[in-house]
Amino acid sequence: MKVLLLIDALTPGGAETHVVTLARSLASKGHTVSVLSDGGALEGRLIDSGVRCLHPPCPFGGAAWQGFWRNLRFLKRLGQEQSYDIFHAHTRRTALLLRLMGKRPFAARLVTCHARFSPRYRRLSYWGERTVAVSDDLREHLCDAFFLPKEQITIIPNGIDLDEFCPDERPKAAGAAHVVFASRLDEDCSAAAFALIPIIDRLRAKYNVTLTIAGGGGCYGALSALAKKVNARHGATIVRLTGALEQVAPLFRTADVFVGVSRAALEALGCGAAVILAGDEGFGGVLTEENFDRHFAANFCCRGEAAISEGALEQALTHLLSMPQADRSRLIGALRGRIAERCDARIMAEATEEVYRKAMGEHLPRRVLIGGYAGCGNLGDDAILRCLIDRARREFPSISLCATVADPKSAQAGFDGIDLIRRTSLPSLWHEMGRADAFALGGGCLLQNCSAHGNRSLAYYLGLLTLARLHRRPILLLSNGIGPLEGRLPRWLVGRALRRAARISVRDEQSRRLLISLGLSEGTVRLEDDPVLSLHPADKGVAAHVLSLHLPSESSGKALIAVAPRPNEVQEAALIGALRSLWKTRGVYPLFFAFDKAQDAPLCERIRAAVGAGSILPCEDERMIAALFAHERVGAVISGRLHALILAHVAKKEAVALCCDARDGKVSEFAASVGQAVLPLPSTAEDILRSLDGIINRQDE
């Protein structure tokens with residue numbers, strides 16, 4: 001998935017740290033994640049984790065409406081250029097931008113609620129098509145104050161990275177106690193800090209305790225003045241203010257007791273500190289196993305608890321400082337186990353992924369028309385469509401599919417379960433395009449003009465794209481290969497046709513570079529594996545039986561080599577010479593597979609006759625071919641067909657790629673990417689034999 005997270009800034013704070021943790025966790029799971037914000041001290045951690053950081057043209061915190069509209073235009077343009085699957089806002093200001101941005105094809109808009117908000121501006125508040133609340137009480141608040149339906153809201157508690165927030169193995173100083181408070185130091189969240197300074201002043205003599213206050217904000221100056229008075233009275237630094245910290249884990253590891261709320265309390269607990277929950281919304285006291293669930297339901301923010309008081313806070317602090325170290329360690333260990341079960345960042349990321357999938361599922365089209373070359377006698381194109389069908393049934397069972405084929409009646413058995421229409425019937429295409437919710441070019445190398453059909457093939461697929469635009473249907477490219485494209489006009493037409501596509505994925509870097517050279521933005525074009533790479537070979541026993549039916553007695557006990565040739569006179573001569581030598585000198589028997597019936601079947605017959613040995617096997621089921629390639633007697637696969645090399649990779653069989661078209665580098669690019677040998681054009685029989693000798697020698701070892 002491609003995700004854009006939006007937040008006002010990346011300064012230290014609860015919601016901000018939540019976004020950083022979520023972005024890093026999603027990126028570690030392979031998603032493409034960007035964060036749009038005004039920036040801040042936490043941005044470096046995102047960049048180090050491979051998360052892209054973006055800034056709006058005007059600060060989100062600015063008050064001018066002119067800046068708001070500039071940011072809205074920027075977000076709309078960003079959405080068009082990058083084709084995000086998910087827009088996920090974490091503040092009310094960024095959520096309003098999502099609302100005014102409007103819907104985008106196949107993209108979902110989500111909003112996370114991190115705190116209670118006044119319903120005064122209810123009409124301006126936007127909570128997304130799906131809403132995430134970090135605690136039970138916030139979901140109730142959204143239902144009561146903003147009238148959101150309960151089924152729209154998913155509860156996903158804050159998650160922390162327990163690999164980062166872990167205890168320090170070094171022993172703490174005996175006889176000394178360190179109390180830490182961390183929060184923004186603004187008027188609405190500094191009550192506990194103001195209460196702690198006089199308490200530490202009173203407890204200093206008895207417990208040798210020191211206090212560190214981490215954070216920045218409007219109350220920093222007043223707290224600093226109080227700290228100076230206490231330090232002057234004791235003649236030592238008893239209370240220390242650090243200001244805002246980018247990395248708080250090193251500080252938390254030095255703490256014996258942490259005072260605060262929410263995410264910071266969980267992070268300090270992860271670092272091995274006992275926790276007192278105290279904040280401006282209430283006083284929860286010492287966090288224990290008995291009250292853990294109650295505070296978990298309120299995101300450890302003390303909402304609904306009694307108001308904080310100096311007396312209650314001092315009593316809780318005295319209780320923990322007087323507790324034997326062994327008892328305190330047992331309490332911390334038990335609570336750390338609870339947050340590992342319920343508040344780990346990985347759990348948060350997995351739950352968020354699930355919400356993303358559901359949200360995306362609601363934006364998927366109900367019916368998709370797939371245009372391609374399936375049913376025209378090319379196994380690679382047939383395999384692509386069958387794999388797309390399998391994927392749709394597995395991942396998107398609510399979607400119905402219709403595909404273009406050469407002859408619906410003869411092709412129906414090979415594509416069971418979907419509707420088929422004749423690819424050359426304009427009335428059928430017009431009718432089905434009107435019924436569909438989206439049109440997809442379903443894999444293969446369709447937008448090119450260097451095949452035997454030349455510009456006629458390109459004109460056909462450009463015509464389908466035009467037909468989709470006339471019906472105002474979103475256009476999808478699914479793992480396509482693009483090019484080669486010769487001529488300025490064909491290149492211009494392809495670039496123009498794809499500029500408004502809702503989703504574009506290509507199967508190789510060469511195709512991606514070509515589309516970018518045609519004017520498409522880099523963020524629009526995604527790399528996605530060829531669908532055939534996901535298939536599973538057929539049963540080994542069935543493959544062995546098929547092999548036995550087609551092998552003559554002269555091949556008994558001989559090693560086998562699978563050959564899927566592609567027309568090219570130079571490579572044909574080299575292949576004949578190599579196979580003849582392998583058969584006569586080493587007894588390696590060739591098996592021929594005609595991936596394209598019209599072009600490859602006569603080619604296989606010519607090569608077999610010239611070699612004087614070999615069998616031509618049926619080439620109709622890609623799963624069976626993968627199983628035949630995987631057979632223990634087959635030593636290697638040699639081919640100029642891309643999907644033969646893909647099936648060899650699926651079968652985990654070594655292969656040699658024969659390049660047969662100097663204009664098209666997709667065969668060599670795939671082969672090189674998976675470690676297969678690549679023989680350029682032209683090649684000789686000796687080149688082929690050397691490559692095969694290396695493979696055979698490795699197998700003998």
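This report covers three residues of a predicted model: Leu277, Asp256 and Leu493.

**Placement and exposure**

| Residue | Element | Relative accessible area |
|---|---|---|
| Leu277 | strand β12 (residues 274–279) | 0%, buried |
| Asp256 | loop between α8 (249–253) and β11 (257–260) | 10%, buried |
| Leu493 | helix α18 (residues 488–498) | 32%, partly exposed |

**Leu277**

Leu277 sits in strand β12. Its relative accessibility is 0%, so it counts as buried. Beyond its neighbours within four places in sequence, Leu277 touches Gly260, Val261, Ala265, Phe283, Gly284, Gly285, Leu287, His295, Phe300 and Cys302. Ala192 lies 85 residues away along the chain, and its C-alpha atom is 9.5 Å from that of Leu277.

**Asp256**

Asp256 belongs to the loop that joins α8 (249–253) to β11 (257–260). Its relative accessible area is 10%; buried means under 20%, so Asp256 is classed as buried. What does the side chain of Asp256 reach at 2.8 Å? The partner is the backbone nitrogen of His178.

**Leu493**

Leu493 is part of helix α18, which spans residues 488–498. Why does Leu493 count as partly exposed? Its relative accessibility is 32%, and partly exposed covers values between the buried limit of 20% and the exposed limit of 50%, so Leu493 falls in that class. Leu493 also helps to form a nonpolar surface patch. Leu489 and Trp492 make up the patch with Leu493, and its area is about 310 Å².

Note on methods
Residues are numbered from 1 along each chain as its sequence is written. This is a predicted model: local features need pLDDT of at least 70, side-chain atom pairs count only at pLDDT 80 or more; totals for chains, interfaces and linings use all residues. Side-chain values use heavy atoms; hydrogens and water are left out. Patches are made of residues with over 30% relative accessible area and no salt bridge: like charges are joined within 9 Å, nonpolar side chains (Val, Leu, Ile, Met, Phe, Trp, Tyr) within 5 Å. Accessible areas come from the Shrake-Rupley method with a 1.4 Å probe; for residues, only the protein chains shown count as cover. A salt bridge is a side-chain nitrogen of Lys or Arg within 4 Å of a carboxyl oxygen of Asp or Glu. Helices (H or I, at least four residues) and strands (E, at least two) are DSSP runs, numbered from the N terminus. Buried means under 20% relative accessible area, exposed over 50%, partly exposed in between (1.4 Å probe, protein chains only). A polar contact is a pair of N or O atoms within 3.5 Å; within protein, one must be able to donate a hydrogen and the other to accept it, and residues adjacent in sequence count only if both atoms are side-chain atoms. Contact means heavy atoms within 4.5 Å.
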